[in-house]
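Reader: I should like to learn how to read the features of a protein model in an orderly way. May we proceed from the overall fold to individual side chains?

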Amino acid sequence: MLMSSKICKHLKLVIYLSLVTNFLNIVLITSLINIMFHKCLVRAITQTFGGSKNFQNANICKIRGPACDRFRDFSSSNTAIQPDKLEKVRFDEFKKLLKNEKVVVIDVREPQELVEHGALPRALNIPLDEVETALKTLPNEQFLKKYGGPKPDADSPIVFSCMKGMRSEKAQIAALQLDYKNVKNYVGGWTEWAEKNKN
């Protein structure tokens, strides 16, 4: 009777461990299937909408869930603009660009800074916090009226400037993310311009 009781206990333990193992296997398989499904969904969305920008404009972006969240993270990491890849210009090149009437120069300093320190030749003054709205949504006529020059199109050569090249880099990145293709940053900014043009 004692031996039979021990066998029964061992058998119960074996059955319990087997059930636990099967449960863990099911959880693992389900997780793997879930990950594979998300990857396939991300790939399908990318191919269908042609990238993160179109995805953001699509109704599917309103869906809440891990698949869409993963796609947002995936697309953001793939469209991030690396600062070391940005086109920069210094004083001599900037002077040459100023002679080209097709080049649009945009100074992203605040208006009071221009009054206090001075303004770059023929530069449009668009403060940094207005750059994205101005380039993205402002109609051409309103842009001309507000900033005193024609609104650049996606292929227009643009040079951003500020005091020392930091805000203008942010403006450059914003323009590139809006699909402006020919965008440069005058890294010396007003500080270098004023220093080089001292009498």
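Reader: How many helices and strands does the chain have?

Author: This is a predicted model. The chain contains 9 helices and 5 strands. Followed along the sequence, these elements give the pattern α-α-α-β-α-β-α-β-α-α-β-α-β-α.

Reader: In what order do the strands form the sheet, and is the pairing parallel or antiparallel?

Author: In general, the strands of a sheet are paired through backbone hydrogen bonds, in either a parallel or an antiparallel manner. Here the 5 strands make an open sheet, ordered β1-β5-β4-β2-β3, with parallel pairing. The edges are occupied by β1 (88-89) and β3 (124-125); each has a single partner strand, so one side of each is left without a neighbour in the sheet.

Reader: How many bridges join β2 to β3?

Author: Strand β2 (residues 104-107) is joined to β3 by 2 bridges, and the two run parallel. Within this pairing, D107 stands opposite N125 of β3.

Reader: What share of the residues counts as buried, and what area does the chain expose?

Author: Of the chain's 199 residues, 34% count as buried. The exposed area of the chain is about 13500 Å², of which carbon and sulfur atoms supply 59%.

Reader: Among contacts between residues at least 6 apart in sequence, what percentage joins residues at least 24 apart?

Author: For this chain, the value is 57%.

Reader: How many aromatic pairs are there?

Author: Ring pairs are recognised by the distance between ring centres, which must lie within 6.5 Å. The count comes to 4 aromatic pairs. One of them is formed by F91 and W193: the rings are 5.5 Å apart, centre to centre, with 50° between the planes, and the pair is tilted. This pair links distant parts of the chain, since F91 belongs to helix α4 (residues 91-98) and W193 to helix α9 (residues 189-196), 102 residues apart. Ring pairs also link F91, F94, Y186 and W193 into a cluster.

Reader: Are F91 and W193 buried or exposed?

Author: The reasoning rests on a cut-off, as buried means under 20% relative accessible area. F91 has 9% relative accessibility and therefore counts as buried. W193, at 11%, likewise counts as buried.

Reader: Where is E113 found, and with which residues is E113 in contact?

Author: E113 is found in helix α5 (residues 111-117). With a relative accessible area of 16%, E113 is buried. Leaving aside neighbours within four places in sequence, E113 is in contact with G118 and R167.

Terms used
Residues numbered from 1 in each chain as written. Predicted model: local features only at pLDDT ≥ 70, side-chain atom pairs only at ≥ 80, totals over all residues. Heavy atoms only, no water. Pairing = 2+ DSSP bridges. Helix = DSSP H or I, 4+ residues; strand = E, 2+ residues; numbered from the N terminus. Buried < 20%, exposed > 50% of the residue type's maximum accessible area, 1.4 Å probe, protein only. Contact = heavy atoms within 4.5 Å. Areas by Shrake-Rupley, 256 points an atom, 1.4 Å probe, with all protein chains shown as cover. Phe/Tyr/Trp six-rings, centres within 6.5 Å; stacked < 30°, edge-to-face > 60°.
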